[in-house]
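Trainee: Please take me through the surroundings of the ligand in this model. Then follow the empty spaces and the elements that line them.

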Amino acid sequence: MAGKQQEEMDFGAESERMKKRTVEGGLLITFEGGEGVGKSTQAERLFLKLQSFGIDVIHAQEPGSSDLGNNVRRWIKRANTSSPLAETLLFEAARAQLMFETVRPALDRGKVVILDRYTDSTLAYQGYARGGDLKTIKKLNDIATAEFAPHLTILLDLDPKVSLARVSNEQDMFASTDDKRATRVDDEGQRRFEEQPLKFHQNIRKGYLEMSKTDPRWAVIKADQAGHRIADAILKRVRRLLIDRDIPDTIFKG
Ligand code: TYD
């Protein structure tokens, strides 16, 4: 009898350990930055790290992570005549779908949502770089997200001269392999925004840096450091946020 009770207790303790930790109201962490700054790698790294700590976390990307989003992603890379407004509306449509289908339900269940690009990408790309009206884009962002702002935005900041060289090196490196993910080139071989002139990318960076000064949700991290250092800096910020939301500090050890 005592043995059975012990067994039940152990089972209870084990299931307690396996229970994923959630955060009241969820947490939205977004990653932003220009082309080739290592954003997607770092977002994935953070996702795996939080998962290893037992945190209930999901990872999605914009545009993508929904049928509509994947189509917008393909379309946007092929089209070269769209107005900034048309482009904005496409990204907003994909965003509204992703919010409805994935992000809001996950946040409602207390999950941490890591999003590779969000509303600030539209301001930086269609606004600061393509010249779209920032006020209109803000309004459209608000409509698509029901004004849901991220709790933390990680901006990976890098001079486009360096990041674009990285992108073209990656392409050369993977040109002869079948690794489609690594090439950053889509099925049609198009790399639309990456092929824009340097000025376009400088405006994206300028836009991001300007936005980052207006709100404490931003964490600007220099992306010219070793990957593990960037990952550590990101984790430090995220950890602080989670501890503030009553996630015990002890889970981050080891
Ligand atoms: P992708 O290959 O995913 O680039 P990255 O890995 O840098 O995110 O392509 C997405 C492209 O779409 C990228 O160039 C940024 C652009 N984009 C916008 O212009 N506006 C937006 O609102 C979003 C979400 C992305």
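Mentor: Start at Arg117. One of its polar side-chain atoms sits 2.6 Å from an oxygen atom of the ligand. The model is predicted, and that holds for every value here. Glu35 also reaches a ligand oxygen, with a polar side-chain atom at 2.7 Å. Arg95 makes another such approach: an N or O atom of its side chain is 3.3 Å from an oxygen atom of the ligand. The protein leaves little of the ligand open, covering 96% of the 540 Å² of accessible area that the ligand has on its own.

Next, the shell. The ligand has 16 residues around it, and the nearest are Glu35, Arg73, Lys77, Arg117 and Thr122. Four elements contribute two or more residues each: helix 2 (39-52), helix 3 (67-78), helix 4 (84-108) and helix 5. Helix 5 supplies the largest share, 4 residues. Sorted by class, the shell holds 8 charged, 4 polar and 4 nonpolar residues.

Now stay with helix 5 and turn to the second largest pocket. This pocket has a volume of about 400 Å³. Its lining counts 20 residues; closest to the centre are Thr119, Asp120, Leu123, Lys138 and Arg217. Helix 5 (119-129), helix 6 (134-145) and helix 9 (198-212) are the elements that each give two or more residues to this lining. Helix 6 has the largest share there, with 5 residues. In this pocket the lining splits into 9 nonpolar, 7 charged and 4 polar residues. Helix 5 thus appears in the ligand shell and in the lining of this pocket.

Helix 5 and helix 9 are also linked by an aromatic pair. Tyr125 belongs to helix 5 and Phe200 to helix 9, and the pair joins distant parts of the chain, 75 residues apart. The ring centres of Tyr125 and Phe200 are 6.3 Å apart and the planes meet at 70 degrees, so the pair is edge-to-face. The count of aromatic pairs comes to 3.

Follow helix 9 onward to the cavity. Rolling a probe the size of a water molecule over the atoms shows where empty space is left. The whole structure has 1 cavity of 30 Å³ or more. About 100 Å³ of space lies in the largest cavity. Its lining takes in 14 residues, with Gly33, Gly34, Leu158, His201 and Arg205 nearest the centre. Strand 4 (152-157), helix 7 (160-174) and helix 9 each give two or more residues to that lining. Helix 9 gives the most, 4 residues. By class, the cavity lining has 7 nonpolar, 4 polar and 3 charged residues.

Last, look at the loop that leads into helix 3, one of the elements of the ligand shell. Pro63 lies in this loop, between strand 2 (57-61) and helix 3. The peptide bond from Glu62 to Pro63 is cis, with omega at about -15 degrees. Ser65 is in the loop between strand 2 and helix 3 as well. Ser65 is not a glycine, yet its phi is positive, about 60 degrees.

To put the parts together: helix 5 leads the ligand shell, helix 6 leads the pocket lining and helix 9 leads the cavity lining. Tyr125 and Phe200 tie helix 5 to helix 9.

Notes: Residues numbered from 1 in each chain as written. Predicted model: local features only at pLDDT ≥ 70, side-chain atom pairs only at ≥ 80, totals over all residues. Heavy atoms only, no water. 1 Å grid on protein atoms, 1.4 Å probe; cavity = no way out; pocket = protein on both sides within 12 Å on 5 of 7 lines; lining within 4 Å. Points joined across faces, edges and corners; volume = space filled by probe spheres on them. Nonpolar A, V, L, I, M, F, W, Y, C, P; charged D, E, K, R; others polar. Near = heavy atom within 4 Å. Polar contact = N/O pair within 3.5 Å; in protein donor to acceptor, adjacent residues only side chain to side chain. Areas by Shrake-Rupley, 256 points an atom, 1.4 Å probe, with all protein chains shown as cover. Phe/Tyr/Trp six-rings, centres within 6.5 Å; stacked < 30°, edge-to-face > 60°.
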